[in-house]
Amino acid sequence: MRLTTYQTGAGNQLGIVTARGVLDVAAAVVATGVNCPASVDEVYASGSAALPGLSALLDAAVDSSLFLKEADLTYGPAVPNPGKILCVGLNYQKHAAETGAAPPDEPVLFSKFNNSIAAPNESIPLQSDWTRVDYESELGVVIGGTARNVSVDEALDFVFGYCNMNDLSERRLQMLSGQWLLGKTLDKFLPLGPYVVTADEVPDPQNLSIKGWLNGELRQSSNTADMIFTVAEVIAYASKVMTLSPGDVISTGTPEGVIMGMEDKVWLKPGDVYSVEVEGLGQLVNRMVEA
């Protein structure tokens, strides 16, 4: 199943992307009487438990007026209000090498906050004193169940789905102290979407192409097989120290090709457009603008 969020005057609405169009979930619940969560927040708070009801809703929705044209919609962030945002640093072999860092012995975890969430096609405001802004194409993971002290073997059972993410970073602020937070959780510095594709449609998260384009030029081209710590290992590791809850998101690291790893560093500036595409998850596009 492919979920999307779109914006209306009433806020973010949940849609299911189908060949017939995007099913308006809230309207379909009213029209069909199917008992399932109707809002974006309800679905992600319910996690994987919401999926049987959404599937039944799809089967019951026969009225063509319940389906919207995707091209007419304004996307919202695929997960607008995650409970936690975890990110993994230096998690691709070749990315660690390009930065001159040794591959870590354990996952390097840091956080972003909800102010960093942005929608597909949303403009990313850059302050004039942010002079080292960089892109990072990443595979995002949406948690679908309560995970505490889970094993690597069972970790993927707690995944709701996957999405594109761009872990934008301001490198000067990131390296200003021993903490990366300042350079990572700036406003709108974590676009995600346009879809959350449920885990049943992504049988192997460690075999997905991951690409990124700057103004149409291919900058990042790799495969999630190059991860140092797999999605399952990251979930299991994090769950040993904190409870992961439905609707939490994890950004699993970026491959090589970031500006920081280049000899000739031309940082992002207003007017630049960066596009992220993880195999099967659509394309996430955002333009940088003056704050």
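**Fold, cores and burial in a predicted single-chain model**

The secondary structure of the chain comprises eight helices and 19 strands, where helices (H or I, at least four residues) and strands (E, at least two) are DSSP runs numbered from the N terminus. The radius of gyration is 19 Å, close to the 19 Å that the globule rule gives for 291 residues, so the chain is as compact as a globular protein of that length; the radius is taken over C-alpha atoms, and the rule is 2.2 Å times the number of residues to the power 0.38. This is a predicted model, in which local features need pLDDT of at least 70 and side-chain atom pairs count only at pLDDT 80 or more, while totals for chains, interfaces and linings use all residues. Residues are numbered from 1 along each chain as its sequence is written, and side-chain values use heavy atoms, with hydrogens and water left out.

Along the principal axes, the C-alpha atoms fill a box of roughly 60 × 45 × 30 Å. Of the 291 residues, 54% count as buried, meaning under 20% relative accessible area (exposed is over 50%, partly exposed in between; 1.4 Å probe, protein chains only). Contacts (heavy atoms within 4.5 Å) often span the sequence: among those between residues at least 6 apart, 76% join residues at least 24 apart.

Turning to the interior, the largest nonpolar core has 35 residues, and L3, L23 and L54 have the most contacts inside it. Such a core is a set of buried Ala, Val, Leu, Ile, Met, Phe, Trp, Tyr and Cys residues joined through side-chain atoms within 4.5 Å. Two or more residues come from each of β2 (11–18), α1 (25–32), α2 (40–46), α3 (51–60), β5 (85–89) and β11 (159–166), with α3 giving the most, four residues. Leaving aside neighbours within four places in sequence, the contacts of L3 include L14, I16, V43, L54 and F160. Apart from this core lies another, of 34 residues, among them V88, L208, A232 and V234.

Helix α8 (residues 231–239) is mostly covered, with seven of its nine residues buried: V231, A232, V234, I235, A236, A238 and S239. These residues pack against β5, β6 (108–112), β10 (137–143), α5 (152–155), β11 and β17 (249–251).

A closer look at V276 takes us to strand β18 (residues 273–278). V276 is buried, with a relative accessible area of 1%. Beyond neighbours within four places in sequence, V276 is in contact with residues including S137, E138, M165, K211 and L284.
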